[in-house]
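Colleague: I have a bit of time before my next gel, so could you walk me through this model?

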Amino acid sequence: MRIVVCVKWVPALGSLRFDPETRRLVREGVPGEVSSFDLRALGAAVALRAAHGGEVVALSMGPPGAREGLVECLALGADRALHLLDPWLAGSDTLATARALAAVLTREAPDLVLFGRASTDAETGQVGPEVAEMLDRPQVTGARRLELDPAVRTFVAERETDEGFETVTGPLPAVVTAAEDLAEERFPTKAERQAAAARPIATLGAAEVGLAPDDVGATGSPTWVAGIEHVPSTRRSEMLAGDSPEALARALGERLRQLAPPRDDRPALPARGVASGAPVWVVAEMGPRGPKPVTAELLAKAAELATRLDAPVEALVLGEGAQHAAALAAAGADRVLLAEGAGLVPYTTDAHAAVLAEAVRSRAPRLVLVASTARGRDLAPRVAARLGLGLTGDAIDLDLDAEGRVRQMKPAFGGTIVAPILSRTRPEMATVRPGILRPARPDPTRRAVVERIGVPAVRLRVRVLSERPLGDAGGAALEAADLVLGVGRGIGGPAALPAITALAARLGAALAATRDVTDLGWLPKVGLTGRAIAPRLYDAIALSGAPEHVVGLRRAGVIVAINKNPKAPIFKAADLGLVSDYAPLLPLLEAALRPS
């Protein structure tokens, strides 16, 4: 049993600095580290080796400094380490990176390839599915449990979905990306590091693994970064004064009545005309009650872009959804393309990728937008690799440049910078983070042409054994909430939650939390590893304000921060700040936060 774990050497997030004069990231002197998600995948590989025998190989493509990360992997239990190092590789995007890794993996012939669910510098999670496509291997993304049966060459995995969890099975060899729960994070001891430093690490060149200069680097990359833009804060960072909790609460209530925006700020859809250009596509995602909110967000953006591109907007529904054509039309679709068939429900990568890839080939859309959900992150990279298309993952906005090219705005390094991404291939393709774009006001007078498209026959390698929905009450409440209370580790422990939960119930508010809290399963996540939200008012209670959390609040109307540490980063990301222990303020917040 050979398991190869692909690890990425990334800059330490907290040490990066943006130089506004040169408009570049200052990397000099910035330490590197192995992406923490990849280390969890490595931990899972070591546990599987203990259960089944075999070897664990760590593979990294990166600069000379990546060797330090491979030493850490050896210290954590890897049997061998491979370093793909070559000047040709500089400037590789995700597709070119996947092509290079796939070349090494073809030589290694592993039974299992593991990736972290995403890298901590880019947060896209594209390379794993793209490698799986290039190797023609079944894939599972976001696995939180993984069991192997080497005797019959199969795996069983429990993977995260947007609705909960599902258990799937499939054949080996396979490619799996690891969720945070797949293994505990571990750090090597000093003795383990010293022993690993003396072990050999094999260095491979691009030509040595069969790559040509045009396969990788900037030449082999269908996307490129058109620039780097700093994301300045638009928040007020106004600190409220008061000599008592009562005075602070009164000051908060007064300012909120002045600042809180109206709830419904949705724009109208643009007027429709006769369109002659290639269509703009939105791959619709459906929930129990119809199109998910992110579908309306994508359709509104598609309608905006389509007006300038002289193009119609088409919504592609994979699986069930014919009954929701009217809702898709009201949200901005001019045409609804229905791909229906028993093999499309429940979702599997093989079936949905086959339909989407064939539809793109035969109908040649100009742009394809997919939600950056668990499903979208699984599907879009697989299709992009199959068609050789550039893909921007986890975009937060799209617009057109002066030449009519679609600029896909990609956040990185915790959302501190945004990079406009351009693509050399058509259709341009992007996954877009839910909760970031504004949906339009639905227009019930709109009608859409409904057309059924073919569903190619495909062998399903991964089967869904069971689904365990968690119920969408929490997620739906967050997506639609007018008021959200965000809870941080500073509340002290789970004993503090009942009082906060009771306050939320009285206010009709939804609850969210930081990763420290959600890792214990108390409340839903917000941000890069959770969801983005757009409430009228967000009240951050005893949370520090890590970039990974704050980026999920980009569309919040007003952010209030309560923290007893006056230097807490959350105050820079907030409109109103109160330096106070949250506990004495809690009984007074109901009057302050309740809409007048």
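Modeller: A word on terms before we start: two strands are said to pair if DSSP finds at least two bridges between them. Please also keep in mind that this is a predicted model. With that in hand, strand 22 and strand 27 (residues 428-432) pair in the parallel sense over five bridges, and in that pairing V370 has T431 of strand 27 as its bridge partner.

Colleague: Which strand is joined to strand 22 by four bridges?

Modeller: That is strand 17 (residues 280-283), which runs parallel to strand 22. Within strand 22, L369 is the bridge partner of V282.

Colleague: And is strand 22 enclosed or open?

Modeller: Five of the five residues of strand 22 (residues 367-371) are buried, so the strand is largely enclosed by the rest of the structure. Both of its faces are covered, with L367, L369 and A371 buried on one side and V368 and V370 buried on the other.

Colleague: Back to strand 27 for a second. What does E428 form a salt bridge with?

Modeller: The side chain of E428 meets that of R366 in a salt bridge, at 2.8 Å from N to O. E428 lies in strand 27 and R366 in the loop between helix 9 (349-363) and strand 22, so the salt bridge ties together parts that are 62 residues apart in sequence.

Colleague: Are those two residues buried or exposed?

Modeller: E428 counts as buried because its relative accessibility is 1%, and R366, at 12% relative accessibility, counts as buried too. The cut-off behind both calls is a relative accessible area under 20%.

Colleague: What else does E428 touch?

Modeller: Leaving aside neighbours within four places in sequence, the contacts of E428 include L367 and V368 of strand 22 as well as R405, V406, Q408 and S423. For V406 there is also a polar approach, in which its backbone nitrogen lies 3.2 Å from a polar atom of the E428 side chain.

Colleague: Staying with charges, how many salt bridges are there in the whole structure?

Modeller: A search of the whole structure finds 41 salt bridges. One of them joins D181 and R144, whose closest N and O atoms are 3.5 Å apart. D181 lies in the loop between strand 12 and helix 5 (190-197) and R144 in strand 9, so this pair ties together parts that are 37 residues apart in sequence. D181 counts as partly exposed at 39% relative accessibility, whereas R144 is buried at 12%.

Colleague: Which residues are linked in a network?

Modeller: R2, E55, R80 and E108 are linked in a network of salt bridges.

Colleague: Changing topic, what does the largest nonpolar core look like, and which residues touch the most other members?

Modeller: The largest nonpolar core has 41 residues, and V5, L42, L112, L114, L146 and F155 are the ones touching the most other members. Several elements each supply at least two residues of this core, among them strand 1 (2-6), helix 1 (36-52), strand 8 and strand 10 (154-160). Helix 1 gives the most, with seven residues. Another core, of 35 residues, lies apart from it and has V280, V317, A331 and L437 among its members.

Colleague: And L146, what does that touch?

Modeller: Not counting residues up to four places away in sequence, L146 touches L48, L112, L114, F155, V156, A157, V176 and L182.

Colleague: How about helix 4, is that covered or open?

Modeller: Helix 4 (residues 127-135) is mostly covered, since eight of its nine residues are buried. These buried residues pack against helix 3 (94-108), strand 8 (112-116), strand 9 (139-149), strand 12 (174-178) and helix 10 (374-387). Just after the helix comes D136, whose phi is positive, near 55 degrees.

Colleague: You mentioned helix 10. What does R377 contact there through its side chain?

Modeller: R377 has its place in helix 10, and a polar contact of 3.0 Å joins its side chain to that of D394. At 17% relative accessibility, R377 counts as buried.

Colleague: Last one, where is A573?

Modeller: A573 lies in the loop between strand 33 (558-563) and strand 34 (576-579), and it counts as buried at 13% relative accessibility. Not counting residues up to four places away in sequence, A573 touches R235, V550 and I559. A573 and I559 are 14 residues apart in sequence, and their C-alpha atoms are 7.7 Å apart in space.

Terms used: Residues are numbered from 1 along each chain as its sequence is written. This is a predicted model: local features need pLDDT of at least 70, side-chain atom pairs count only at pLDDT 80 or more; totals for chains, interfaces and linings use all residues. Side-chain values use heavy atoms; hydrogens and water are left out. Buried means under 20% relative accessible area, exposed over 50%, partly exposed in between (1.4 Å probe, protein chains only). Contact means heavy atoms within 4.5 Å. A polar contact is a pair of N or O atoms within 3.5 Å; within protein, one must be able to donate a hydrogen and the other to accept it, and residues adjacent in sequence count only if both atoms are side-chain atoms. A nonpolar core is a set of buried Ala, Val, Leu, Ile, Met, Phe, Trp, Tyr and Cys residues joined through side-chain atoms within 4.5 Å. A salt bridge is a side-chain nitrogen of Lys or Arg within 4 Å of a carboxyl oxygen of Asp or Glu.
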